[in-house]
Amino acid sequence: MNMPSTVKTVGVVGAGRMGQPIVGHLVRKGFTAIVHDVDAGKRERVEGLGARWADAPAMLTRECRVILICVGFDREVRDLLSPSGLLPGLARDTIVAVLSTVNPRTVQELADAARPFGVHVVDSTVCRGGRAADEGTLLSFVAGDADVVERLSPVLACFSTDIVHTGGVGTAQVAKAANNMLMWACVIANHEALALAKRSGVDVELLREALLKTGAENYALQHWGTNTMAWAEDDLEIVQKMAHDAGVGLPQAGLNRELCRTLKPKRFRLEEYGV
């Protein structure tokens with residue numbers, strides 16, 4: 001996909017586990033990337049990827065007509081796009097894509113606040129984790145007006161092999177929440193199934209490889225042993241807040257949040273599961 005002349009420089013706020021490989025892919029695909037992170041210690045790594053470093057987020061507003069937000073938490077996204085943050089300095093028609101996993105209402109409220117400035121705030125969540133970020137094979141859910149999504153898509157294609165337009169602003173966060181609910185449920189179920197097998201004298205690796213050929217196959221089982229569970233608690237907290245707002249009970253999601261909290265410190269140590 002050729003890069004449109006209107007988008008040649010992309011700003012990235014957040015150079016963490018997902019942000020850094022995304023920056024690398026942008027540069028390799030011919031975009032100029034300007035990057036800010038609150039941790040100045042990441043500057044050397046970012047510049048090593050071929051990107052330019054910005055000492056402050058506001059420096060991105062001068063040249064970037066697309067800005068990707070890759071920070072960790074809802075409050076950080078709100079602070080960045082507050083009246084005292086990036087928003088007043090952004091040129092009209094700038095696209096700000098929130099890759100962070102946050103509450104859908106957050107993106108919707110920020111989009112409403114940005115509209116009088118002529119700025120498009122959309123959500124563009126990513127799935128498949130750090131491995132896929134490194135490989136440039138993420139799945140991107142993107143939400144917003146069709147023409148804005150079309151303009152943003154060449155940027156997303158730098159690090160995504162699949163791009164799914166989910167509808168209006170906020171719906172990409174809903175799609176990501178659904179992904180997270182299923183993923184964490186699979187992580188827990190995988191542990192329970194393999195712990196039972198181990199305790200019953202079955203070769204765990206033999207069983208795991210066989211299960212990948214059945215209806216029990218799942219991504220977490222395929223990549224067994226690699227998930228850090230770093231975001232399990234936060235992901236499922238967002239799901240519970242969304243469920244409350246929607247007036248729907250999700251008892252399994254609530255239980256899985258508690259189970260993930262217990263599992264995380266001893267993940268993949270099957271001999272300790274259930275003891």
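In this predicted model, helix α11 comprises the 13 residues 251-263, and at 1.5 Å a residue these should span 18 Å; the C-alpha atoms at its two ends are indeed 18 Å apart, so the expected and computed values agree. The residues of α11 that are buried are Ala-253, Gly-254, Asn-256, Arg-257, Cys-260 and Leu-263, and these buried residues pack against two other helices, α7 and α10, the latter formed by residues 232-246.

Helix α7, which covers residues 171-199, contains Ala-197. With a relative accessible area of 8%, Ala-197 falls under the 20% limit and is therefore classed as buried. When residues up to four places away in sequence are not counted, Ala-197 touches Val-202 and Leu-207. By contrast, Ala-197 and Leu-60, which are separated by 137 residues in sequence, lie 53 Å apart in space, taken from C-alpha to C-alpha.

The model also contains an open sheet of eight strands, arranged in the order β3-β2-β1-β4-β5-β6-β7-β8 and with mixed pairing. Strands β3 (52-53) and β8 (160-167) stand at the edges of this sheet, and because each has a single partner strand, one side of each is left without a neighbour in the sheet. At the β3 edge, strand β2, made of residues 32-36, runs parallel to β3 and is joined to it by two bridges; Ile-34 has Arg-52 of β3 as its bridge partner. Helix α7 packs on this sheet, where it touches β5 (95-98), β6 (120-127), β7 (138-143) and β8, and the direction of the helix makes about 15 degrees with that of β6.

Buried nonpolar side chains are grouped into cores, and the largest nonpolar core has 33 residues, of which Val-10, Leu-26, Leu-68, Leu-152, Val-155 and Phe-159 touch the most other members. Helix α6, formed by residues 146-156, gives the most to this core, contributing five residues. Leaving aside neighbours within four places in sequence, Leu-152 is in contact with Val-66, Leu-68, Ile-95, Ala-97, Val-122 and Val-142. A second core, separate from the largest one, consists of 23 residues, among them Val-13, Val-96, Val-107 and Val-121.

Definitions and conventions
Residues are numbered from 1 along each chain as its sequence is written. This is a predicted model: local features need pLDDT of at least 70, side-chain atom pairs count only at pLDDT 80 or more; totals for chains, interfaces and linings use all residues. Side-chain values use heavy atoms; hydrogens and water are left out. Two strands pair if DSSP finds at least two bridges between them. Helices (H or I, at least four residues) and strands (E, at least two) are DSSP runs, numbered from the N terminus. Contact means heavy atoms within 4.5 Å. Axes are lines fitted to C-alpha atoms, for helices over the stretch in contact, and angles run from 0 to 180 degrees between N-to-C directions. A nonpolar core is a set of buried Ala, Val, Leu, Ile, Met, Phe, Trp, Tyr and Cys residues joined through side-chain atoms within 4.5 Å. Buried means under 20% relative accessible area, exposed over 50%, partly exposed in between (1.4 Å probe, protein chains only). The expected span of a helix is 1.5 Å times one less than its number of residues.
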